[in-house]
Amino acid sequence: KIPYFYNRTGSKKIAVVDLGVKKNILNSLAALDCQVMVYPYKVKAEEILASGCHGVLFSNGPGDPAVHTEVIKTIAELVEIMPVFGICFGHQLLSLAMGAKTYKMTFGHRGGNHGVKNIKTNRSFICSQNHGYAVDSESLKNTKLEPYYLNLNDETVEGVIHTEKHAFSVQFHPESAPGPNDTEFIFDDFIKMINGSKAGKTLKEIFDQPAFENKK
């Protein structure tokens with residue numbers, strides 16, 4: 001109900017909006033030398049900006065993303081100003097905030113053995129998933145988002161990247177514990193985005209060398 005520090009020390013200050021956050025998301029950020037402040041899901045953009053954080057993460061969570069209009073509005077405001085990253089539910093909300101649509105899947109994706117492909121590099125990974133809604137790929141054509149990852153089984157959207165602002169998201173769970181750990185590098189990508197934005201680089205320039213290439 002009120003903001004709290006999960007980790008008080010670190011070279012980067014990250015705001016995490018708790019929509020049902022997994023503890024290992026917080027652990028993963030702390031392991032990358034990040035201060036981590038967790039905020040309730042109803043937090044306003046003004047409070048996030050006043051915190052002096054370097055980037056904001058919108059977490060996983062349950063339910064239909066389209067009904068959370070206040071959170072969608074907050075994300076739309078923050079994307080214009082600072083680096084934004086979304087995981088699972090946060091991925092769906094970011095997409096909605098940028099004008100895309102979501103839909104309820106027939107069965108959803110559950111379990112720890114799902115394959116996804118990075119469209120830019122054509123490299124594939126095994127990851128954990130747990131979601132019943134997905135982003136409509138056709139609706140992305142009317143936005144400034146592009147598909148970034150695809151599901152290898154049904155080609156549903158597993159990640160998006162903004163073409164102008166510093167924002168991206170993934171549908172899968174890079175923080176999965178006890179695994180698989182193929183996509184842990186996604187948190188490195190988040191930090192790279194923050195560092196690159198401060199240096200005046202575009203997101204395309206920042207992600208020209210994917211973080212996972214340094215994790216071999």
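Which residue takes a positive phi in the hairpin of β8 and β9? Hi everyone, let's start there. It is E155, with phi near 60°, and the hairpin has 5 residues between its strands. Please keep in mind that this is a predicted model.

Let's stay with those two strands for a moment. β8, residues 145-151, and β9, residues 157-162, run antiparallel and are joined by 5 bridges. Within that pairing, L150 stands opposite V157 in β9. β8 also pairs with β6, residues 102-118, again in the antiparallel sense, over 3 bridges. There, N118 stands opposite Y149 in β8.

Now let's zoom out to the sheet. It is open, has 10 strands with mixed pairing, and follows the order β1-β3-β2-β4-β5-β10-β9-β8-β6-β7. β1 and β7 stand at the edges with a single partner strand each, so one side of each has no neighbour in the sheet. From one strand to the next, the twist averages 25°. For β1, the antiparallel link to β3 is made by 3 bridges, and F5 has M37 in β3 as its bridge partner.

Next, the helix on this sheet. α1 lies across β1, β2, β3, β4 and β5, and runs at about 150° to β3. Its buried residues are I25, L26, S28 and L29. These cover an arc of only 160° around the axis, which puts them on the same side of α1. As a reminder, an α-helix has 3.6 residues a turn, so residues three or four places apart point the same way. The buried residues of α1 pack against β1, β2, β3, β4 and β5, and also against α5, residues 185-198.

Finally, the aromatics. How many aromatic pairs does a search of the whole structure find? The search finds 8. In one of them, the ring centres of Y148 and Y149 are 4.9 Å apart with planes at 75°, so this pair is edge-to-face. Y149 also pairs with F172: the centres are 5.3 Å apart and the planes at 80°, so that pair is edge-to-face too. This second pair links distant parts of the chain, with Y149 in β8 and F172 in the loop between β10 and α5, 23 residues apart.

Are these two rings buried or exposed? Y149 counts as buried because its relative accessibility is 0%, and F172 is buried with a relative accessible area of 0%. Y148 is buried as well. One aromatic cluster takes in Y148, Y149 and F172 together with F85, F168, F187, F190 and F207.

Thanks for listening!

Note on methods. Residues numbered from 1 in each chain as written. Predicted model: local features only at pLDDT ≥ 70, side-chain atom pairs only at ≥ 80, totals over all residues. Heavy atoms only, no water. Buried < 20%, exposed > 50% of the residue type's maximum accessible area, 1.4 Å probe, protein only. Helix = DSSP H or I, 4+ residues; strand = E, 2+ residues; numbered from the N terminus. Arc of directions from axis to C-beta. Contact = heavy atoms within 4.5 Å. Pairing = 2+ DSSP bridges. Axes fitted to C-alpha atoms, helices over the stretch in contact; angles between N-to-C directions. Phe/Tyr/Trp six-rings, centres within 6.5 Å; stacked < 30°, edge-to-face > 60°.
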